Amino acid sequence: MATVPDYDHKSIEEKWIKLWETKGYYRTSSDPTRPKKYILVMFPYPSGPAHMGHVTNYTLGDVCARYYSRKGYNVLHPMGYDAFGLPAENAAIQSGIHPAIWTRKNIELIRSDLKRLGYAYDWTREISTCDPEYYKWTQWFFLKMFERGLAYRAKGQVNWCPSCGTVLANEQVLPDGSCERCSSIVENRWLEQWYFKITEYAERLLEDIKLLENWPERVLLMQRNWIGKSYGAEVSFELVSTGEKINIYTTRPDTLYGVTFFLLAPEHPFVEKIARENGCIDEVMKFRERVSLKSHIERTALDAQKDGVFLNDYVINPVNGEKVPVWTANFVLMEYGTGAVMAVPAHDQRDFEFAKIYGLPIHVVIEPDGEKLDAGKMDKAYEDPGIMIESVQFSGMKSEEGKQAVCDLLESNGWGRRAVNYRLRDWLVSRQRYWGAPIPIIYCDSCGIVPVPEGDLPVILPEELQLAEGGKSPLPLEESFFKTNCPKCGAEARRETDTMDTFVDSSWYFFRYVSPNEEGAPFDVEEVGRWMPVDQYIGGIEHAIMHLLYSRFFTKVIYDMGMIDFKEPFLNLLCQGMITRDGAKMSKSKGNVVTPGEYIEKYGADTLRLYLLFLGPPELGKDWTDEGVQGAHRFLSRVWRMVHERYSESIKALDSKNESNGESLRRFTHSTIKKVTEDIEEFAFNTAISFIMELVNEIYRLTGEESCPAGALREAVETVLNLLAPFAPFITEELWHALGHEESIHLLPWPEYDPELSKPQEFTLVVQVNGKVRDKLTTPVGTPPEKLEKLAFESERVKSCIQGKQVKKVIVIPDRLVNVVV
């Protein structure tokens, strides 16, 4: 027996990494005769070496890229870095390393890890959002938003993280009211901020969800809920003390006759005015201070303690003329509707709880059909549809019909109108941080807000500056940065010192990949027309309502600018599941973090890739086990021996006349090609790998016990390597050359299967008695019906079921089942 060389994964991987890079195997092809596939994984934040989430995500994308490249597609498969952001500043505070140095050092680490894993990226298209060549165009998009009225500055209540020292978007505040970055409790503050008017696109973002047929339904549902479209009415209530009108928005106009008090958000402009006029300003200001310590999420949580102050004033309910008291309450937000709420405690749970705390009246105006409600005995609000009562001419009407009828009444009397509302708020994009793209705006005492001329872009972020005391941004303190001249009048002016939210950077990066070296525009329009939209996007579900929604918004704005002819950026979306260990999320505090580097070192990149793909369907969560890694390594070692030992020895002694084994192996081989091909296209990578394993087992069986023609065996062995190549690129390249081939296995066409040879030769015959399954028999495909019937009656299980009974008829469906009716 020949000596089998060691499977030395380290030397094999180092060898092919250098060779692939030297020969430029994975440079993007632009053959006009080929179809295109743009395969994209969400680019990483360079916070350190690659973690297991990265490896899982990027291996999925790499299999797709390698497969479609061999299927004859021009494949665009790029990589870059989402390089601005808070973690770099937090690291700088803790370690004293400048954010720019920390970020670029980590980019080198993660790039090295990605190359070790053998990913087929076109590294000539690498981008980093912290490079001026990139953020010049991020600033350009800001200016275009400003020109179109989509970027504006306004004073508003914002989420403030005292630890990070910056504003957070609503999406960056966790459900418990903490910062998603540092876990500190988020506060509310009033600041002048920059916003993108994403609300202007709310309806289009919602309507175009129908174009996203190949997105996970869970993501679409999350976006629908975040946009939060609702139908209702806008109603005017008159303030008794001044006669001024205060508008509210409600989705339940059918409950207007049940209004017993009126609520204003603590931030509502009327609150301070009413409080001063009615002598309760001190109490209101203390209340506001209490509320400011809570995030919006904490204030609106269903189980949050209700808190409020009576403003010593009243409003008139337009539908019945009743005077109801005006309060300010902690659970009412300016961000939803108008910041004012008609309180109907009998039919809204939060209003009900507030009424119980402060002894306010509860008036039932909707009852379940056929059931009476007693307000005094209710322990919770009745919020479902029902029959309207005590609602004048609408009493007895179904509440759903009553909504429209009451809207008719409001509109005919000028008290209100039908309205549509959205939960979505405008995107707050300014941050009081250093490590980000500077906002290209100048403030002039004479000219006001002036955009930086496009010819002056980029506004360079000075990387020589150090963070100020407490980790604060040095930009407002650095005269060389903020002192400038007005582009309009030439007078002394001040540059904006806020930087942009990093989600702005990542909302258009997929456009830049198509022409990363373009100097005259953010992207080459013709190249974008050739490559986009992205055919397959892969990333985590956690980005469903931030990155994915913002990217859709940006794409629609770019469409409106006439630069592209498509409305959605990503045709297909796959959200990979989380890798856990011992059933828990990996974290340093739990001591259960798995570092890719140590497993690459011990078992090799191919083993790690194969294990992660074999764990299960990509969209599901999976639990890590070292035993599973070892199993993947054993399989690759078996493939190694198959080529170097079993194949090389058997090929010399094979009986080339044993045609039956040759036919059987060829059918097995072509059936495997068909199954693996179909599974890769369905992202069923785990079952694709299992089919390859079965073919390896069949090869071992034949070379160990029997014999078959050399041609059939060679075809089977080479098929194993071809099919395994996208999953384990290093070992397959090495073994392919060991078989005497000179070309790269990764540049070969994907193997085609013979339709005749791939047809199954056997099937499972289901045998039923009176429709119940009694037996299953393995039978050759194409067995005549009379033979199938005979096999059914020969079954011992069937015999026991029909013994002593009269057979009325036998139903035979060829290649499927036999049903005996007795």
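Pro 87, Ala 88, Glu 89, Ala 91 and Ala 92 of helix H3 are in contact with Pro 99, Trp 102 and Thr 103 of helix H4. Sorted by class, this contact consists of six nonpolar residues, one polar residue and one charged residue. The model is predicted. The points below cover the packing of these two helices and an open sheet of four strands.

**Helix pair H3 and H4**

- Two packed helices are described by the angle between their axes and the distance between the axes.
- H3 spans residues 86-95 and H4 spans residues 99-116; their axes lie 8 Å apart and the helices pack at an angle of about 115 degrees.
- Angles of 65 to 115 degrees count as roughly perpendicular, and H3 and H4 are therefore roughly perpendicular to each other.
- The crossing in which H3 passes H4 is right-handed.

**Four-stranded sheet**

- The strand order in the open sheet is E20-E19-E22-E21, with antiparallel pairing.
- Strands E20 (448-451) and E21 (483-485) are at the edges; each has a single partner strand, so one side of each is left without a neighbour in the sheet.
- On average, and with direction ignored, neighbouring strands of this sheet are turned by 40 degrees against each other.

**Pairing of E21 with E22**

- Edge strand E21 is joined to strand E22, residues 492-495, by three bridges, and the two run antiparallel.
- Within this pairing, Lys 483 is placed opposite Arg 494 of E22.

Notes. Residues numbered from 1 in each chain as written. Predicted model: local features only at pLDDT ≥ 70, side-chain atom pairs only at ≥ 80, totals over all residues. Heavy atoms only, no water. Pairing = 2+ DSSP bridges. Axes fitted to C-alpha atoms, helices over the stretch in contact; angles between N-to-C directions. Parallel < 35°, antiparallel > 145°, perpendicular 65-115°, else oblique. Left-handed = near helix turned anticlockwise from the far one by under 90°. Contact = heavy atoms within 4.5 Å. Nonpolar A, V, L, I, M, F, W, Y, C, P; charged D, E, K, R; others polar.
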